[in-house]
Each structure stands twice: as structure tokens, then as C-alpha cells.
Amino acid sequence: MAVATEPAGQAGIEKRRKKGIPSVRQRIEMLLDRGTFIETGALARQPGDPNALYGDGLVTGRGLIDGRPVVVIAHDQTVYGGSVGVTSARKFVRALRLAFDNACPVVTINDSGGARIQDAVGSIASFGDISRALERLSGYVPQVSIILGKCAAGSVYGPINTDVLIGTEQSYMFVTGPEVIKAVNGEDISAEELGGAKVQAERGTLHHVAATEQEAYDWARAYLSYFPSSCLELPPIVNPGLEPEITDTDRELDRIIPDSDRAGYDMHEILLRIFDDGEFHEVRAAFAPNLITGFARVDGFPVGVIANQPLVLGGSIDAACSDKATYFIRLCDAFDIPLVFVADTPGVLPGLEEERNGVIIRGGRVPRAIIEATVPIVNLVVRKSYGGAYGMMAARQVGADLSLAWPTARIAVIGAESAVDLVGKRQLAAVPDEHREATRQFLINQYNETVATPWIAAERGYIDAVIEPSHTRLEIRRALRLLRDKRPVLPVANPRKHPLYPM
């Protein structure tokens, strides 16, 4: 068994020393609760080769995170470069089957060049087996991928089909590496430009980039703390009932919105005040930062949060953040995590580039995901909610169970300035030049006071309540308590096989 623990012997130890990386089993221990790892398949190796290395470049087993079982799959860089061959693929699939049979999360630690060339078609065929097993687990148990080193080809297609990808600053992801690209088309590009962690996070491929390996494992542990072990269970509850009265921190919300509609502020300052313990676990922060997605707790129960970020593009909805929202909604819905939307958006971002980016198609998926979701949904408008973005932030008519607004909220087709410039064009043209700007400002104020107010929306039943900002944390708590026993509505009889998403 000692030989199986260090299959590559001294050469493997020296390789790790030069790279400055831990052993594969040390990596697993860094992730799991101390001393809980039970390895499976340590003695597996390629048949017919007396010199074949034990483990075949993959370590699999089971352990605990915060006392809850997880299956772990980790590539061993010192054995065949962590590449995937027929034997290691069988180990991979067996581990995924263990996760399915025991309804527990899967964490993969990826440091692999992809398919093993020496195993020829057997290796690439094995990725098909892995892909089928991963699909079976999708939405059934949480799946987390941690990207280390340079991962290529099949070793990125597997992780991209899991729920969340975490990389370190030194990690890389690409379908084909710089050397292959250079050989095929003569293009000279660095690994960093092609698939460095920062680049992949900005593209949305990586959901989080950690400075160190240990921080990556800690982020994965924190992420899993918001999830049930499987869709058959409810998410874990942590410290319910904290701060049952309005606090000084709550009162800070009463003066957090700037007087000017055009002034920016950091939405995180609101999010940290309306959930338990000022806790917020952000996901995909570097991708489409005009929309914030992440996890928090309300009365001890996990919630998924989707919020506009006024500091970036004014909080406008664009094609990229539409993808970000759609995926996050479906992730939370798969594991019965309620959703809280916090809206402050001037609408869908206009422009030729956005139209080229497919904002119509990609934006159209967001309300579809909200409509299909069966979890409790609370919508809160803190300032602006205009146009198509009104529906994309879970308006009552699209899917919110309860819709709340602050007195500072403005809800309308478009903002006052644009509305006056369009609808009041003739009226303004009839006014003398010296009075035109004052008249325009009067019309803007009138629009804001009589058309775009939350009171109009509440009178017509589109908003359930207009609340004081300082009451928000407790109102969201009451709302989700009310909705805690919400059950999926039985679908209306429909002979279709499944609906089609705009793609």
C-alpha cells in the first residue's frame, strides 16, 4: 500500500518539489475534515503492463466536509501527468456512481492534461462514460470542480458540466494548449492570454479565483455549506432567529440610497445589511459584474441572491449577465434554495454591440427560468426597475411570490428623463428657449411623483407592500417564513415533451 501512496516514487516527489505543489493526498486532506478520507481503488493499474503505476493517475474516495459525506476525485500530476486513461476513467465513473448511490456531493480536484495519448481511442471513449455519469448527477447532488495547474481538452469538458468551478491564480483552462495552437495555425499566444485564471473568470468559465490552493478548498467548503447533500434533502440551517429586532445596522439602510437617481453606490452595502450576520458568498464576481449573484442566509436558511450593481453600467442588464442570472436561478431551483432579487436597474443595456451579443435571445432566457422555478421568490425594488429588466428581476407577474419596494423605488417603462424627451417633445418645443430646461425638469419631477412611484404599483396590485428600508431584513425573514412550505404546483396537462429555450 505504501507503493500505491507514492506510485512515481522519488521522481514524483522531486517533480512536486520543483513545482511547489502538495501531493494529491495532501490536497484531499486540505479539503476534507481532518482524518476522514477513505480511499478506494488505490491499487488499480493498467492490466498487462508489469511496470504500470498504481492508481493510474487518479485518487478517489469518500470523506466529510463539515461532518457531511462527499465523494472526492483528484488527479495525480506525478502519475502519467494526471492524464485520464481507461483504468483511471473507470475509477472516475465508479466514484461518481458511489455519489449517486449515496446521494452525496462530488468534489473533483483537477490537475490534468486531458486524455492519455497512449490509450488511444480507449481514452477519449472513456470521457464519454464520464460525461454520461456527470449528467446523471446534475441537479441531483452538488458538484464542485477545483482547477489547479494546466487543465486541457477532456479535463475541462468534465468540470464545465459540474455546478461550479474554482481556480487558483496559477491555474489554466483551455481546449488545446499554446503549443498545439502554434503548430496548427501558427498563432503565438501565451497560456495566460489563452486560458489563465483571470481571463477565464472574466469569461464566466471560472466562478471564483482563489489566491492559494487552501483558499480554493475553503471557498468550496463554504459554498457547500449552503447546499443540501442532494435534492432529496433540505439545505442546512445555521443559527436561526438571530437579531429579531431592528438594529442600528438596519437603520443605516434608511439613508443608503443617493438623492440623485444617476448617482452610483455599491449594492454590496445593501446586501450585507439585509441578510444574517452580514454574510454573503459571491459567485462569479468577475463575470458580468453589473449583476451580483451569491448566497446568504435568512433566519438561518440559505437563499440565493440576484442583485443589480449600480456601480457597473448603472446596473443595466446585458447579454452576459442574462446568462449569469439564468444559470444561477436554475442552480438554486434544483436544490430548493429560495431566491431573493434586489432590483436597481435602468433597464436592458442599449447599443449595437449588445444586439450583436444576442441580448434578445440571452435575455429572453431569464424570465423563462424564473417562471419555471418552483422555489419561494421574493422581489425587492430599492430604486429603479424599468422596462424589460422589470421582468428579469422577478417582478410579481413573472414569478415573485411576494414583491416589496422601498419608498425610493421607481417602476415604469422608462426613466423620467427619457420619457419626457419622448412623450413631451412637442410640449417642450412650444416653450420659449429660456424656460425650456425648467419646464423639462418640472415634467421630470411630475413623472417621478405621479407615474413611476411604488405607490402606483402598490395600488394596482403589482407590489405587495412598500416598506421602510430599515425593516427590510425582518420583512424578508417574515416573507420566507410564510413561503417555507411552498410546494411545486402540479403542471397543467400538456402533451409536449419539453419546452424550448431561446438559444
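In this predicted model, Cys332 is a buried residue, with a relative accessibility of 0%. A cysteine naturally invites a look at disulfides, and a short reminder may help here. A disulfide is a covalent bond between the sulfur atoms of two cysteines. The structure turns out to hold 0 disulfides. Cys332 is in no disulfide, and the nearest cysteine sulfur, which belongs to Cys231, is 14 Å away. Because two sulfur atoms must lie within 2.5 Å to be counted as a disulfide, a separation of 14 Å rules out that pairing for Cys332. Cys231 is likewise in no disulfide, and in its case the nearest cysteine sulfur is that of Cys104, 13 Å away. As for its surroundings, Cys231 is partly exposed, with a relative accessible area of 29%.

Cys332 falls within the range of helix α13, which covers residues 319–334, and this helix has a partner. The axes of α13 and of helix α15 (residues 359–372) come within 8 Å of each other and cross at roughly 20°. Angles under 35 degrees count as roughly parallel, so α13 and α15 are described as roughly parallel to each other. Their crossing is left-handed. On the α13 side, the contact involves Ala319, Ala320, Ser322, Asp323, Ala325, Thr326, Ile329, Arg330 and Asp333. These residues meet Val359, Arg362, Gly363, Arg365, Val366, Ala369, Ile370 and Glu372 of α15. Sorted by character, the residues of this contact comprise 8 nonpolar, 3 polar and 6 charged.

A second pair of helices offers another example to follow in the structure. Helix α3 (residues 24–31) and helix α10 (residues 213–224) have axes that come within 9 Å and cross at roughly 45°. That angle makes α3 oblique to α10. The crossing in which α3 passes α10 is right-handed. From α3, the residues making the contact are Arg27, Met30 and Leu31, while α10 contributes Glu213, Gln214, Tyr217, Ala220 and Arg221. This contact divides into 4 nonpolar residues, 1 polar residue and 3 charged ones.

Attention can now turn to the loops and to the backbone angle phi. Glu243 is found in the loop between α10 and α11 (248–251). Its phi is near 45°, a positive value in a residue other than glycine. With a relative accessible area of 45%, Glu243 is partly exposed. Asp56 also has a positive phi, near 55°, and it too is a residue other than glycine. Asp56 lies in the loop between β1 (38–40) and β2 (58–65). Is Asp56 buried or exposed? With a relative accessible area of 0%, Asp56 is buried.

Asp56 also appears among the contacts of Tyr80. Tyr80 lies in the loop between β3 (68–75) and α4 (86–102), and its relative accessibility of 29% makes Tyr80 partly exposed. Which residues does Tyr80 contact, leaving aside its neighbours within four places in sequence? They are Gln46, Ala52, Leu53, Asp56 and Arg116. Tyr80 can also be set against a residue well along the chain: Gln427 is 347 residues apart from Tyr80, and the C-alpha atoms of the two are separated by 76 Å.

How values were computed:
Residues are numbered from 1 along each chain as its sequence is written. This is a predicted model: local features need pLDDT of at least 70, side-chain atom pairs count only at pLDDT 80 or more; totals for chains, interfaces and linings use all residues. Side-chain values use heavy atoms; hydrogens and water are left out. Axes are lines fitted to C-alpha atoms, for helices over the stretch in contact, and angles run from 0 to 180 degrees between N-to-C directions. Helices (H or I, at least four residues) and strands (E, at least two) are DSSP runs, numbered from the N terminus. Angles under 35 degrees count as roughly parallel, over 145 as roughly antiparallel, 65 to 115 as roughly perpendicular and the rest as oblique. A crossing is left-handed if the near helix is turned anticlockwise from the far one by less than a right angle, and right-handed if clockwise. Contact means heavy atoms within 4.5 Å. Ala, Val, Leu, Ile, Met, Phe, Trp, Tyr, Cys and Pro count as nonpolar, Asp, Glu, Lys and Arg as charged, and the others, Gly among them, as polar. Buried means under 20% relative accessible area, exposed over 50%, partly exposed in between (1.4 Å probe, protein chains only).
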